[in-house]
Amino acid sequence: MIAGCLYVDLTREPDVYGSGDRQALDVLERCPDGARVVVDIGRREFVTQDVALWLHNHDHRLSIEIRGESPEAIRRFVSAARAGDWSVVA
């Protein structure tokens with residue numbers, strides 16, 4: 001079996017417009033089906049709508065793992081990605 005793994009760095013807090021998240025996650029479009037994606041949130045606590053939507057839109061074809069330092073933050077990111085909306089964690 002041959003598989004790919006991609007690392008996405010979301011450790012920085014999002015900018016005012018959230019475009020940094022969008023740019024970082026744009027690579028998901030080019031990942032082959034079945035690839036593993038490690039999304040590193042580091043100490044980041046809050047989910048943007050872009051993160052929730054982009055991860056949700058690719059969860060059916062990619063194996064996405066959220067990695068971070070806070071169990072609560074990981075729970076928020078996973079919940080938002082599953083729902084496709086950041087408001088589920090509010």
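How much area does the chain expose, and what share of it do carbon and sulfur atoms supply? The chain exposes about 5,500 Å², and carbon and sulfur atoms supply 53% of that area. The legends below describe a predicted model.

**View 1. The whole chain contains three helices and three strands.** Followed along the sequence, these elements come in the pattern β-α-β-α-β-α. The radius of gyration is 12 Å, close to the 12 Å that the globule rule gives for 90 residues, so the chain is as compact as a globular protein of that length. Taken along the principal axes, the C-alpha atoms fill a box of roughly 40 × 25 × 20 Å.

**View 2. Strand E1 (residues 5-9) pairs with strand E2.** The two strands run in the parallel sense and are joined over five bridges. In one of these pairs of residues, Tyr7 has Val38 of E2 as its bridge partner.

**View 3. Strand E2 also pairs with strand E3 (residues 63-68).** This pairing is in the parallel sense too, over six bridges. Val39 stands opposite Ile66 in E3. Between E2 and E3 the chain passes through helix H2 (residues 49-58), and this β-α-β crossover is right-handed.

**View 4. Strand E2 (residues 36-42) is largely enclosed by the rest of the structure.** The reason is that six of its seven residues are buried. Over the chain, buried residues make up 38% of the 90 residues.

**View 5. Contacts link residues that lie apart in the sequence.** Among contacts between residues at least 6 apart in sequence, 80% join residues at least 24 apart.

Terms used
Residues are numbered from 1 along each chain as its sequence is written. This is a predicted model: local features need pLDDT of at least 70, side-chain atom pairs count only at pLDDT 80 or more; totals for chains, interfaces and linings use all residues. Side-chain values use heavy atoms; hydrogens and water are left out. Buried means under 20% relative accessible area, exposed over 50%, partly exposed in between (1.4 Å probe, protein chains only). Helices (H or I, at least four residues) and strands (E, at least two) are DSSP runs, numbered from the N terminus. Two strands pair if DSSP finds at least two bridges between them. A crossover is right-handed if, with the strands pointing away from the viewer, the path from the first strand over the helix to the second runs clockwise. The radius of gyration is taken over C-alpha atoms; the globule rule is 2.2 Å times the number of residues to the power 0.38. Contact means heavy atoms within 4.5 Å. Accessible areas come from the Shrake-Rupley method with a 1.4 Å probe; for residues, only the protein chains shown count as cover.
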